[in-house]
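The following report reads a single protein chain from its overall architecture down to individual side chains. Please keep the sequence and the coordinates at hand while reading.

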Amino acid sequence: MNGVKTILLLGILSGLLLAGGEVFGGRNGLAIALVIAVALNFFSYFFSDKMALAMYSAQPVTPQENPDVYTRVFPIVQSLSQRMGLPMPKLWLIQDPSPNAFATGRNPEHASVAFTAGVLQLMNNQELEGVVAHELGHVKNRDILTSSVAATIAAAITFLARMAFWFGGSRDDEDRRSPWAALAMLILAPIAAMLILAPIAAMLIQMAISRTREYAADETSAHVTHNPDELISALGKLESWSKRIPMQDVNPATAHLFIIKPFSGQSFIRLFSTHPSTEDRIARLEAMRRGA
């Protein structure tokens, strides 16, 4: 099903690109859009994870780079990966004080797990194990390709919206457009992009990314660690502290990647939310503990 969703997302993006190329450039625009669509499809499949990591200036976690973080995190991730029968993912650090984490990649063999500095500072090792097991649950359940491609699609739609508003308009109308009309377009373009294109991008993400994937990853974490309390405690801290320390420069198109919805100053980030409430997630984990 995740494979079908990925193909559908890439098909929608290709259609939008071809339609936009035809509208704004005629046959030449259509030809250019076709080349861009092929290139973007290739990029989305093979490099969407790198784009997500680059958006947050993620740094590799290796014995040479960020050795202190490596010493703490590597044994936890390695142990869980072995228990879950997964290849060891690449590890990344995001220098942001807001606590959060996400997994990305096109398959388990090319997976990455990223941690913010805040989550490493806030969590003890048991809570961090619960967080890592949740993210590896996404890897094991093969959610990560769909999530990564969806982020790329939404980001591309937003970019195309801005390009269309800056350079759009009928070619025949260009010479007749008055300076006042151009000024009005300049002022209204960002507002129109946010009101029209952002909801479309958010709708595509919500169509592709089911909220049940978070419940499934939570359950995977509880089963692998044999202790739902680890993730219960971690989610409680994440919910509280991510509000106290909002994440800086959150791209709404990538908000669904994180273990908990990032809080920021951007009110329209709620449009992109694919996370169930933290209270519901904790309640399900507590029910699992009682039923164990």
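Which residues of helix 7 are buried? In this predicted model, they are R213, E214, Y215, A217, D218, T220, S221, A222, V224 and T225. Helix 7 is thus mostly covered, with 10 of its 14 residues counted as buried. Its length is also consistent with its residue count, because 14 residues at 1.5 Å a residue should span 20 Å and the end C-alpha atoms of helix 7 (residues 212-225) are indeed 20 Å apart.

The surroundings of helix 7 can be described from both of its ends. R211 is found in the loop between helix 6 (179-208) and helix 7, and it counts as partly exposed because its relative accessibility is 42%. The C-alpha atom of R211 is separated by 9.4 Å from that of H256, although the two residues are 45 residues apart along the chain. Just after helix 7, H226 takes a positive phi of about 60 degrees.

**Overall architecture**

The protein chain comprises nine helices and four strands, which follow one another along the sequence in the pattern α-β-α-β-β-β-α-α-α-α-α-α-α. Of its 292 residues, 48% count as buried, and its accessible surface comes to about 14,200 Å², of which 62% belongs to carbon and sulfur atoms. Among the contacts between residues at least 6 apart in sequence, 70% join residues at least 24 apart.

**Strand 4 and its partners**

Strand 4 (residues 111-116) is largely enclosed by the rest of the structure, because six of its six residues are buried. The burial applies to both sides of the strand: A111, V113 and F115 point one way, S112, A114 and T116 point the other way, and all are buried. Strand 4 pairs with strand 2 (residues 90-94) in the parallel sense over five bridges, and with strand 3 (residues 101-105) in the antiparallel sense, also over five bridges. In the pairing with strand 2, T116 of strand 4 is the bridge partner of I94, while in the pairing with strand 3, A111 of strand 4 is the bridge partner of G105. Strand 3 is joined to strand 4 by a hairpin that runs through five residues.

**Aromatic rings and the charges over them**

A search of the whole structure finds four aromatic pairs. One of them is formed by Y70 and F74, whose rings are stacked at 4.8 Å centre to centre with 25 degrees between the planes. Y70 and F74 are separated by about one helical turn, because they are four residues apart in helix 2 (residues 67-84). An α-helix has 3.6 residues a turn, so residues three or four places apart point the same way. Elsewhere, Y56, F102 and F258 form one aromatic cluster, to which strand 3 (residues 101-105) contributes F102.

Two arginine residues lie over the faces of aromatic rings, as the table sets out.

| Arginine | Ring beneath | Distance to the ring centre |
|---|---|---|
| R244 | W241 | 4.3 Å |
| R284 | Y215 | 3.6 Å |

The second of these rings leads back to helix 7, since Y215 is among the buried residues of that helix and R284 lies over its face.

How values were computed:
Residues numbered from 1 in each chain as written. Predicted model: local features only at pLDDT ≥ 70, side-chain atom pairs only at ≥ 80, totals over all residues. Heavy atoms only, no water. Buried < 20%, exposed > 50% of the residue type's maximum accessible area, 1.4 Å probe, protein only. Helix = DSSP H or I, 4+ residues; strand = E, 2+ residues; numbered from the N terminus. Pairing = 2+ DSSP bridges. Phe/Tyr/Trp six-rings, centres within 6.5 Å; stacked < 30°, edge-to-face > 60°. Lys NZ or Arg CZ within 6 Å of the ring centre and 35° of its normal. Contact = heavy atoms within 4.5 Å. Areas by Shrake-Rupley, 256 points an atom, 1.4 Å probe, with all protein chains shown as cover. Expected span 1.5 Å × (residues − 1).
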